[in-house]
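Open the model in a viewer with side chains shown as sticks. The stops below are given in the order in which to select them.

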Amino acid sequence: MVSANAFKIAFWDDGGMSRPRIRVAAYIIRYRSAPELLVFDHVGMPEAGSQVPAGGVRPDESLEQAVLREVIEETGLTGLSIIGPIAVDNRPRADTGQPRRTTFFQLTAHPVLHR
């Protein structure tokens, strides 16, 4: 497994271009009879397509804090475990060309036990 410390954000001299928007995204897997990946559709925005929880990192938070906050804000899920970062994407936004860096994390949702 890759250490989360391997993904510390470092800005570089980009010749005057704007710094990338720092983002996180969560691949949340719940293991039941078969593994399930959490995806959702935004109500009222079908053009957005199916998504995983994602969003921007605030200046005062770590990537790990940001991914947990985004999951809670977008799904209401708590009590998740971060397995670790799985990839970093340094692609500009397709619609604006603005630079952005997204760190993707794998998280595990604990199955709900029924009594």
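Helices and strands here are DSSP runs numbered from the N terminus, a helix having at least four residues and a strand at least two. The model is a predicted one.

**Stop 1: E61**

Select E61, in the loop between β3 (54–56) and α1 (63–75). Is E61 buried or exposed? Its relative accessible area is 16%, and buried means under 20%, so E61 is buried. Show the surroundings next: leaving aside residues up to four places away in sequence, E61 touches G56, A66 and R69.

Now look at the polar atoms of the E61 side chain. One of them lies 2.9 Å from the backbone nitrogen of R58. The side chain of E61 also makes a polar contact of 2.6 Å with the side chain of R69. That pair is a salt bridge as well, with the closest N and O atoms 2.6 Å apart. R69 counts as buried, at 14% relative accessibility.

**Stop 2: the salt-bridge network**

Extend the selection to R58, E61, R69, E70 and E73, which are linked in a network of salt bridges. Within this group, pick out R58 and E73: they form a salt bridge whose closest N and O atoms are 3.3 Å apart. R58 lies in the loop between β3 and α1 while E73 lies in helix α1, so the pair ties together parts that are 15 residues apart in sequence. R58 is partly exposed at 42% relative accessibility, and E73 is partly exposed with a relative accessible area of 47%.

How many salt bridges does a search of the whole structure find? The search finds eight. For another of them, move to R93 and D95, whose side chains meet at 2.6 Å, N to O. R93 counts as partly exposed at 32% relative accessibility, whereas D95 counts as exposed at 56%.

**Stop 3: A66 and the nonpolar core**

Return to E61 and step across to A66, which it touches. Apart from residues up to four places away in sequence, A66 touches V24, V57 and E61. A66 also belongs to the largest nonpolar core, which has 12 residues in all.

To see the whole core, select I22, V24, A26, I28, L63, A66, V67, V71, L80, F105, L107 and A109. Which elements each supply at least two residues of this core? They are β1 (21–31), α1 and β5 (100–109). In soluble globular proteins, nonpolar side chains tend to be buried together.

**Stop 4: β5 and its partners**

Select β5, a mostly covered strand in which eight of its 10 residues are buried. Show the backbone and add β1: the two strands pair in the parallel sense over 10 bridges. To find a position along this pairing, select A25, which stands opposite F104 in β5.

Then add β4 (residues 81–89), which pairs with β5 in the antiparallel sense over seven bridges. Here, select G84 and its bridge partner in β5, Q106. With β1, β4 and β5 displayed together, β5 can be viewed alongside a parallel partner, β1, and an antiparallel one, β4.

**Last view**

Finish by displaying the core and the network together. A66 is one of the core residues, and E61 is one of the residues in the salt-bridge network. The contact between A66 and E61 is the place to centre the view.

Technical notes:
Residues are numbered from 1 along each chain as its sequence is written. This is a predicted model: local features need pLDDT of at least 70, side-chain atom pairs count only at pLDDT 80 or more; totals for chains, interfaces and linings use all residues. Side-chain values use heavy atoms; hydrogens and water are left out. Buried means under 20% relative accessible area, exposed over 50%, partly exposed in between (1.4 Å probe, protein chains only). A polar contact is a pair of N or O atoms within 3.5 Å; within protein, one must be able to donate a hydrogen and the other to accept it, and residues adjacent in sequence count only if both atoms are side-chain atoms. Contact means heavy atoms within 4.5 Å. A salt bridge is a side-chain nitrogen of Lys or Arg within 4 Å of a carboxyl oxygen of Asp or Glu. A nonpolar core is a set of buried Ala, Val, Leu, Ile, Met, Phe, Trp, Tyr and Cys residues joined through side-chain atoms within 4.5 Å. Two strands pair if DSSP finds at least two bridges between them.
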